[in-house]
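Here is a short set of exercises to work through with the structure open beside you. Try each task before reading its solution.

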Amino acid sequence: MSEIRQRWRLVFARDEEARFLSHLDSVRLWERAFRRGDIPVATSEGFSPRPKLVFAAPLQLGMLAEHELADLFLAERLTAPDLRDRLAVGMPHGYRVVGLHDVWVGAPAIAPQLVAADYRMTLLNVEGVELEEAAGRLMAAERLPRERRREARSISYDLRPLLLDLHLRSADVAALPPDAATAPATGLWMRLRHSQDLGSGRPEEVVAALAGELGLAVNADSGDDDESGPRESEPTAQRPSLEIVRPVRERLWLDSELAGQLVG
Amino acid sequence: MTTRTQGQPPSPPHGGGPFHDPPPLPPPAVERILGRVRKPGRYAGGEWNSVQKDWAATAVKWCFAYPDLYEIGMSNLGLRILYEVVNDRPDRLAERCFAPDTDLQTELRAVGVPLWSLETRRPLREFDVIGLSLGFELVCTNLLTMLDLGGVGLTTSERSEADPLVVAGGSIVMNPEPIADFVDAVVLGEGEDVVLEIGDVLESLGWNRRAEAGSAADGEWRRGVDRATALRALARIPGVYVPSFYRPQYLADGRFDRLDRLDDAAPATVTARIAADFETHVRGIRQLVPNIGIVFDRAQLEVMRGCTRGCRFCGAGMHTRPLRERAPDVAIEAAEAILRATGYEEIGLTSLSTADYTYVGEVATELRRRRPEAILSLPSTRVDAFTVELADALSSGGRRGGFTFAPEAGSQRLRDTINKGVSDEEIARCAQLAFDRGWTAVKLYFMIGLPGETMDDVLAIAAISRRVLETGRRRHGGRAQVKVNVSTFLPKVMTPFQWDGLDTTEEIEAKVDALRKAMHAKGLVMSWHDPNSSLLEGALGRGDRRLGTVIRRAWERGAQLDAWDEHFDFAAWLEAFAAYGLDPAWYAQRDIPTDESLPWAHLSAGVSNAFLLRDRKRALAARTTADCHWGPCSNCGVPDATGFACGTGAQGPRDLLVAVGDDGSGWQYVGPPGDPRRAGRVDLSATPDTGANVSADRDERRGWPYDLLGTEMQSKSAGLKGLASLVEAAGGESTG
């Protein structure tokens with residue numbers, strides 16, 4: 001293990017070109033970017049040392065992002081312009097560093113500080129009016145019991161405490177495939193809790209819950225970090241499935257940034 | 001002209017240049033499809049060192065289509081090299097496309113979207129040339145899938161004037177007859193130079209230009225020159241074979257008779273190309289770095305091309321002569337440059353047998369010194385102490401997985417027959433050494449069904465495997481493991497064994513059964529190949545042009561991705577053969593009389609037929625042929641056929657490169673014979689030229705790599721994540 005001399009908090013965005021990377025793939029890509037840029041990254045302890053880069057939250061395959069957070073630990077101190085230049089040398093296509101903050105090396109780990117994340121997406125094959133009603137019903141519910149699959153197992157949990165906010169937005173017309181131009185499309189925005197105790201809210205779970213309210217199937221255009229392909233929940237043949245188009249994680253929120261806004 | 005590589009802002013989509021510039025597929029349409037398929041990273045593009053150019057400003061456009069899944073295709077060094085060679089030219093562009101998995105095929109057909117290139121998402125049919133890379137017989141159906149989904153006519157005769165030219169290359173095209181219907185031209189041998197020559201010829205003819213609007217009655221656009229003229233011009237390029245200019249004739253009993261030449265432009269014999277300047281010039285520095293995990297996920301530097309071991313079953317060894325070695329300083333600089341340009345943590349020093357590379361010690365040592373954190377891996381099939389020592393030095397302080405040897409045959413006699421010059425004692429010693437140095441698992445590669453094989457030879461595989469296991473037990477007790485991989489001998493064209501038949505399925509099964517019984521022991525694991533898959537591979541490998549319709553029929557019946565066990569549909573293939581009254585067994589299993597005409601006789605890899613016959617005769621007498629790296633020249637015919645003076649025997653290739661600087665130290669490359677840089681450096685005529693001297697010299701020199709590697713390497717434990725993968729390449733071309 002190399003000694004840690006500096007800790008940078010990177011704020012970064014992910015565009016279309018890197019959209020279809022899994023979390024593990026993107027970690028490997030970043031490590032190569034650091035080598036290309038000759039960035040003196042500190043390495044972890046252990047039999048096979050890894051560069052010390054800690055993401056606040058894994059980004060799902062298929063998800064775009066505008067304000068992600070990662071801590072990068074360096075074995076040598078660099079100035080911000082120097083680090084920015086070196087990052088520019090080798091950053092993978094589709095990733096943009098939008099902010100750099102010198103963080104105290106001894107500051108608490110980043111992941112446990114994460115409390116919430118904002119998402120937006122466009123839903124195809126659903127009218128705004130009915131979606132708004134369904135969203136209202138979800139927000140008004142006391143409990144939203146759901147099952148989530150993890151590998152072979154199925155885990156029961158309550159989605160409601162993870163759902164902080166949910167409302168409609170205008171649809172992202174530019175994102176619509178040409179052959180779906182006539183389908184009804186509605187924008188959706190949500191804030192989901194990230195909690196050490198309760199787990200993290202997943203946007204596709206909220207969409208699945210909405211679909212359940214509407215009696216629709218979901219044809220998800222994302223959300224497969226296990227790369228197992230599209231998920232279909234009870235296909236009801238009458239209406240086309242609810243389809244998620246171009247989901248974006250708008251921003252991650254740390255505890256200090258949202259102080260007092262989260263209850264419980 | 002705008003070009004984008006990494007780190008630069010995107011170029012404007014339409015630069016307004018004079019060249020063909022169709023619109024790319026709309027991003028939302030592509031992304032919607034990608035959102036529905038497994039591993040969409042395979043089709044998304046955007047990899048590091050991928051290149052996007054302005055179509056309107058670029059004259060000739062290639063799409064390199066690799067007819068297998070992304071994970072296989074992106075591992076291919078040839079693709080990485082040619083991609084750079086073409087894209088380095090400002091007036092050329094190369095994009096990529098890989099075989100889509102079945103789920104993407106379904107999506108594409110459902111929505112009617114054509115298969116696209118990864119870089120700028122243009123349909124395949126919009127390119128000027130499709131470059132097909134064929135590394136394995138069983139990918140031939142995938143190329144049909146790709147052409148079909150890319151909107152390109154499947155056969156030469158079905159293609160429209162607007163369709164791209166389909167040009168194939170790669171290790172299996174030494175016999176391209178089975179796929180001849182589907183390709184407009186075939187490049188034999190090494191592609192680095194000829195890929196540019198093809199582009200130049202096509203541009204000079206106006207192939208990339210669109211003719212005046214309205215010239216086409218059918219509404220299709222036309223090119224500046226017709227296909228036939230373009231093909232006639234390509235046929236004049238050395239190493240380029242245009243199958244449609246030849247028509248095969250068969251005898252009444254079904255045997256191949258002869259080829260009729262249909263066009264004056266078509267030469268009687270097409271000889272494989274050899275790229276210039278391999279020794280001193282490295283292409284493929286800015287190698288593509290995949291976004292998702294692939295099979296060989298590392299940088300690669302080819303340190304040597306060709307192989308002089310002369311294993312008689314090995315197509316690669318026979319087809320890639322003459323041997324050329326990279327000058328050590330060139331290799332070291334290139335390896336560093338590749339690591340820098342890719343960010344890869346690991347680099348493979350590749351060749352058919354890297355332990356035979358004269359400078360492997362120097363290069364590995366110097367790379368360790370310069371890049372102590374990088375992992376080095378060296379594929380090798382050689383069985384000797386040097387190989388173990390080398391792997392040991394490279395993996396000091398690191399993990400020890402399995403150590404791989406490829407003795408290829410179980411008995412001494414049969415190893416002599418195939419010219420794999422290694423004794424039982426050497427195998428045992430080698431295994432002992434590997435176990436002593438800390439490896440607990442040894443992997444052994446063998447073949448069954450070799451010419452002249454008896455059941456005793458087969459059972460000898462079990463005997464030597466058990467002996468190796470015993471060695472391991474004494475050292476590591478119950479932890480010791482021996483994995484035995486048994487593949488089936490397949491006759492490869494243009495090898496001394498090209499006439500010898502594949503075993504029948506019953507014979508293979510009987511041999512495998514006998515081996516399984518004889519191998520039954522704790523710690524001994526055996527794996528073997530599907531005999532049906534071998535049969536098809538053998539038939540396609542030695543097939544003639546009649547197999548084109550068979551391939552098409554099998555594909556229409558659903559055969560594809562045949563190299564993948566879960567997709568292989570043998571019944572579809574049998575039905576397809578039967579539909580045309582052909583039999584895969586006749587192609588694969590027959591011992592062909594040496595005086596019979598061969599469907600690939602008009603093509604040459606360099607080695608002469610006389611040599612192949614001579615070497616086969618020695619094989620049948622279990623006599624070995626010397627490795628011409630050290631021993632005398634075996635007169636394989638390559639210099640005559642290719643004009644490449646390899647200098648073996650009298651001088652030995654090593655002497656071509658070994659040079660000592662003026663001050664008496666250091667390594668310097670001084671060029672091949674005839675190179676003016678050699679003047680005054682080395683007097684070749686003064687070099688002792690007897691085989692014995694050269695051999696003695698080799699033995700004497702065997703000490704140095706240990707010294708260099710042993711002491712210096714092992715002291716550098718920090719950061720050395722060694723990789724003892726002298727390995728997986730043994731599963732590739734060289735074993736079968």
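**Exercise 1. Chain A as a whole**

What percentage of the 264 residues in chain A is buried?

Solution. Keep in mind from the start that this is a predicted model. Begin with the cut-off: a residue counts as buried if 20 or more other C-beta atoms lie within 10 Å of its own. By that count, buried residues make up 39% of chain A. Next, look at the secondary structure, where chain A has 4 helices and 12 strands. Finally, turn to the contacts with a separation of 6 or more: in chain A, 76% of them join residues 24 or more positions apart.

**Exercise 2. Two domains in chain A**

Find the domains of chain A and describe how they touch.

Solution. Start with the bounds: the domain assignment gives domain 1 as 6-107 and domain 2 as 112-254. Their centres, taken over C-alpha atoms, are separated by 28 Å. The contact draws 16 residues from domain 1 of chain A and 17 residues from domain 2 of chain A. On the domain 1 side, strand β3 (residues 64-74) of chain A gives the largest share, with 6 residues. Sorted by class, that side of domain 1 of chain A has 9 nonpolar, 5 polar and 2 charged residues.

**Exercise 3. A residue in a loop and a residue in a helix**

Decide for A:Ala107 and for B:Arg80: buried or exposed?

Solution. Take A:Ala107 first, and place it in the loop between β4 (95-103) and β5 (114-124) of chain A. Since 12 or fewer neighbours make a residue exposed, A:Ala107 is exposed because it has 11 other C-beta atoms within 10 Å. Its C-alpha atom lies 9.2 Å from that of A:Arg7, although A:Ala107 and A:Arg7 are 100 residues apart in sequence.

Now move to B:Arg80, which sits in helix α4 of chain B. Here the count is 23 C-beta neighbours inside 10 Å, so B:Arg80 is buried. Leaving out residues up to four places away in sequence, B:Arg80 touches B:Gly284, B:Gln287 and B:Leu288. For B:Gln287, the C-alpha to C-alpha distance to B:Arg80 is 5.5 Å, across 207 residues of sequence.

**Exercise 4. A sheet in chain B**

In which order do the strands of the open sheet of 6 strands in chain B run? Why does β4 of chain B have one side without a neighbour in the sheet?

Solution. Trace the strands across the sheet: the order is β4-β3-β5-β6-β7-β8 (chain B), and the pairing is mixed. The ends of that order give the second answer. Strands β4 (92-98) and β8 (240-241) of chain B are at the edges with a single partner strand each, so one side of each has no neighbour in the sheet.

Then zoom in on one pair. Strands β3 (residues 60-66) and β5 (residues 129-133) of chain B run parallel and are joined by 4 bridges. Within β5(B), B:Ile130 stands opposite B:Cys63. To finish, add helix α4 (residues 77-87) of chain B, which lies across β3, β4 and β5 of chain B and runs at about 150 degrees to β4(B).

**Exercise 5. A helix pair in chain B**

Describe how α7 and α8 of chain B pack.

Solution. Two packed helices are described by the angle between their axes and the distance between the axes. For helix α7 (residues 194-205) and helix α8 (residues 227-235) of chain B, the angle is about 145 degrees and the axes are 10 Å apart. The crossing of α7(B) and α8(B) is right-handed. Now list the residues that meet: α7(B) brings B:Ile198, B:Val201, B:Leu202 and B:Leu205, while α8(B) brings B:Thr229, B:Ala230, B:Ala233 and B:Leu234. By class this contact has 7 nonpolar residues, 1 polar residue and no charged ones.

**Exercise 6. Where the chains meet**

How many residues of chain B are in contact with chain A?

Solution. Count both sides: 28 residues of chain B are in contact with 29 residues of chain A. On the chain B side, the elements that give two or more residues are α1 (27-34), α2 (41-44) and α5 (102-111) of chain B. The largest share, 6 residues, comes from α1(B). As a last step, sort the chain B side by class, which gives 13 nonpolar, 8 polar and 7 charged residues.

How values were computed:
Residues numbered from 1 in each chain as written. Chains lettered and ligands numbered in written order. Predicted model: local features only at pLDDT ≥ 70, side-chain atom pairs only at ≥ 80, totals over all residues. Axes fitted to C-alpha atoms, helices over the stretch in contact; angles between N-to-C directions. Left-handed = near helix turned anticlockwise from the far one by under 90°. Contact = placed C-beta atoms within 7 Å. Nonpolar A, V, L, I, M, F, W, Y, C, P; charged D, E, K, R; others polar. Pairing = 2+ DSSP bridges. Domains from an automatic or database assignment.
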